[in-house]
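Student: Hi! Could you walk me through this protein model?
Tutor: Sure, let's look at it together.

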Amino acid sequence: MTSFRAPARVNLIGGQVDYHEGLVVGIAADLDVFVAGTARTDGRILVTSREITGVVDVAADGSDDPTTVSPPWGRAVAGVARALAERDRPAIGADLAITSTIPIGAGLSSSAAFEVAVALALNDAAGFALAPTDLARAAQRAEHLALGVPCGIQDQFTSIAGVAGCAIRIDCRTLAVEAIPIPDGLGVVVVHSGVTRTLEGSPWAARRAESFAVAERLGLRVLRDATPEQVAHEPRGRHVVTEIARVDAFADALRGGDIDALGPLLLASHASSRDNMQVSIAELDALVDAFVAAGAYGARLTGGGFGGCVVALVPAARADAIAQEVADGLQAWVMRAAPGAGPIR
């Protein structure tokens, strides 16, 4: 039995721009999905999970409609099977056993890591290989098929291309990847807001559609090609254009080891996500404020918003202390905001 790993991703900066073929910077986190697999001879894919109940049984040729698969978590498996079949993977079955340390609904792309790990295991079982960019596109396609979420490609590609100790700059138009070392003394901390979210059924799709409506009004296919002047009075478009510029500046600062420049860019990204794209919530805003008060260089929501996590850049020597202070402060905020609420788990 062969095991495959795909890490969670943390979007450092570049929110809501990958589907506009923009620029993003992320890192692979030390949380993972593991898939152990062996080939079967009956053309079926059977999957079990240590964390989730039920057994998934889908056709290896991708013929099962991903949206109808039960249990629901098996829809991603069927989506991967169909996306790989579209790329001519032989219809070889497999037994897959899945374990994960990535919290679901935390904005760390557990679904993307799941799709990548399953794709790697299925390809191995069939003696089939895909280039990293093609594997990322197949995993992205699987999410579209399974969940109806028109996500960009940064989550799957970061999970595939992540390099230890480095941030990953991805050009979502060309899929050019650059690994940029994290400067010495800089720590990355992620804290969960306590609000679980999924993009499926959230206002995220509406925000995406609104941003594409801006592009359409401007006669553009995507907002990567818009100018600041064109979107000055369009909040959704203004976010995309200014966010891409922030990502460029952030990558430059990382390359130059200019730690002081990074924090303000994160804070500006969060403010735009909150005010222009309107994907933040009170808990995420409170976390960002708490990070700044605790001594972080800067912080922003990570992932699609409407819950999940905040990522912060902090002095590495104080990372644990800052994380604990922020988590304690969030707990106190929740208790004040919702009397009688239990502790965050």
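Tutor: First, a term we need: a nonpolar core is a set of buried Ala, Val, Leu, Ile, Met, Phe, Trp, Tyr and Cys residues joined through side-chain atoms within 4.5 Å. Keep in mind that this is a predicted model.
Student: Which residues touch the most other members in the largest nonpolar core?
Tutor: That core has 75 residues, and Leu12, Val25, Ile45, Leu96 and Phe250 touch the most other members. Helix α2 (residues 110–125) gives the most to this core, with 9 residues.
Student: Is there another core apart from it, and what residues are among its members?
Tutor: Another core of 24 residues lies apart from it, including Cys151 and Leu284.
Student: New topic: how many aromatic pairs are there?
Tutor: The count is 3. In one of them, the ring centres of Tyr19 and Trp204 are 5.7 Å apart with planes at 85°, so the pair is edge-to-face. Tyr19 sits in the loop between β1 (2–13) and β2 (23–40) and Trp204 in helix α5 (residues 204–217), so the pair ties together parts 185 residues apart in sequence.
Student: Are Tyr19 and Trp204 buried or exposed?
Tutor: Both Tyr19 and Trp204 are buried. Ring pairs also link Tyr19, Trp204 and Phe212 into a cluster.
Student: And what lies over the face of Tyr19?
Tutor: Arg208 does, at 5.2 Å from the ring centre.
Student: Last one: where is Ala146 found?
Tutor: Ala146 is in helix α3 (residues 132–147). Its relative accessible area is 4%, so Ala146 is buried.

Methods
Residues numbered from 1 in each chain as written. Predicted model: local features only at pLDDT ≥ 70, side-chain atom pairs only at ≥ 80, totals over all residues. Heavy atoms only, no water. Helix = DSSP H or I, 4+ residues; strand = E, 2+ residues; numbered from the N terminus. Buried < 20%, exposed > 50% of the residue type's maximum accessible area, 1.4 Å probe, protein only. Phe/Tyr/Trp six-rings, centres within 6.5 Å; stacked < 30°, edge-to-face > 60°. Lys NZ or Arg CZ within 6 Å of the ring centre and 35° of its normal.
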